[in-house]
Amino acid sequence: MTETAVPEDHPRYASLVTRHRIEAGVEKGITSKQGLIAQGRGEAFDYLLGERTLPSADAAARAAAATLLLAERPVISVNGNVAALAPSETVDLAAAVAADLEVNLFNHTDERVRRIADHLRQHGADEVKGLAGDGEIPGLDHARGVVDADGIEAADVVVVPLEDGDRAAALDAMGKTEIVIDLNPGSRSPRTADVPIIDNLIRAVPNVAAHARDLADATPEALRGIVDEFDAAAALDAAEAAIREGSFADADGS
Ligand code: PTJ
């Protein structure tokens, strides 16, 4: 079944469309096969969270937008799953907060970096970093630590949707402010993040962009107030509580 063949009134329409995007990403050589497994893990958590943006995740998205608007050199890291699931939305977020886009892969191959960069350009990106590979994240083996010197290496704020825990910790050790989007509140990456957004990246990326547009005229003081008010530990606790309290019972489990 293609994406367009999924009936829109199917109770699991969004989930099925998402699966097709990941499959298509693998077929196009932009998503790794491990990306399919990551997608399955994400889906399970999304189901447990009720397949909706929790109020705590919305507050995190607003804090992320404020953080990005205050940043001097923000970069959005793009991997094979992000590129397959939300390419236009990711390009749009970069435009809304004047961030660079950098392809940064867990399972790095030059070929996949090129394909993802082309894919983002086809979805409206002007410049995509990640092809130079002339910088590094210290403390990781070479392939996992490759970044651009004028991209992630020089960034003050990095958005890392679906980041691996070791790399999130290594970016933290470099002093980066990290915004992590991940559906698993127990995963190490959101636990390392300054701003963990426990939500599906399909919902979270456009939501951060919408908050950024809403805050476009806010003063730096007002933006700092939003950042200071945000409580990362409370956001993680709220997501865990939603899972424990069984919010998934409200979702249609077909
Ligand atoms: O393209 P690459 O080589 O950079 O590889 C990307 C993946 C995602 C395959 C790689 O980073 C990986 O193996 O990730 P993990 O360790 O499987 O972690 C994936 C995390 O993302 C899990 O905590 C999932 O719950 C979460 N996740 C999966 N899909 C989504 C998600 N979080 C938010 N939105 C999603 N759609």
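Hi everyone. Let me start with a definition: when I say helix or strand, I mean a DSSP run, at least four residues for a helix and at least two for a strand, numbered from the N terminus. With that in hand, here is a residue to find on your screens: Ala 98, in the loop that joins α5 (87-97) to β2 (100-103). Please keep in mind that this is a predicted model.

What is the phi of Ala 98? The value is near 55°, which is positive, and this residue is not a glycine. Ala 98 is also exposed, because its relative accessible area of 64% is over the 50% cut-off.

Now scroll along to Leu 162, in the loop between β5 (157-161) and α8 (165-173). Leu 162 is another non-glycine residue with a positive phi, again near 55°. Is Leu 162 buried or exposed? Its relative accessibility is 30%, so Leu 162 falls between the 20% and 50% limits and counts as partly exposed.

Let's move over to the ligand. There are 21 residues around the ligand, and the ones that come nearest are Gly 80, Phe 106, Arg 112, Asp 182 and Asn 200. By type, the shell holds seven nonpolar residues, 10 polar ones and four charged ones.

Here are some polar contacts to look at. The side chain of Arg 41 places an N or O atom 3.0 Å from an oxygen atom of the ligand. Asn 107 uses its backbone instead, with an N or O atom 2.9 Å from a ligand oxygen. Leu 201 also offers a backbone N or O atom, and that one is 2.9 Å from a nitrogen atom of the ligand. How much of the ligand does the protein bury? On its own the ligand exposes 750 Å², and 94% of that is buried by the protein.

The ligand takes up the space of the largest pocket. Which elements give two or more residues to the shell around it? Those are α2 (33-48) and α4 (80-85), and α2 gives the most, with five residues.

Let me finish with Arg 41, which sits in helix α2. Counting protein chains alone as cover, Arg 41 is exposed, since its relative accessible area is 53% and the cut-off is 50%. Have a look at Leu 183 as well: Arg 41 and Leu 183 are 142 residues apart in sequence, yet their C-alpha atoms are 8.6 Å apart in space.

Thanks for listening, and I'm happy to go back to any of these residues.

Methods. Residues numbered from 1 in each chain as written. Predicted model: local features only at pLDDT ≥ 70, side-chain atom pairs only at ≥ 80, totals over all residues. Heavy atoms only, no water. Near = heavy atom within 4 Å. Polar contact = N/O pair within 3.5 Å; in protein donor to acceptor, adjacent residues only side chain to side chain. Areas by Shrake-Rupley, 256 points an atom, 1.4 Å probe, with all protein chains shown as cover. 1 Å grid on protein atoms, 1.4 Å probe; cavity = no way out; pocket = protein on both sides within 12 Å on 5 of 7 lines; lining within 4 Å. Sits in = over half its atoms within 2 Å of the grid points. Nonpolar A, V, L, I, M, F, W, Y, C, P; charged D, E, K, R; others polar. Buried < 20%, exposed > 50% of the residue type's maximum accessible area, 1.4 Å probe, protein only.
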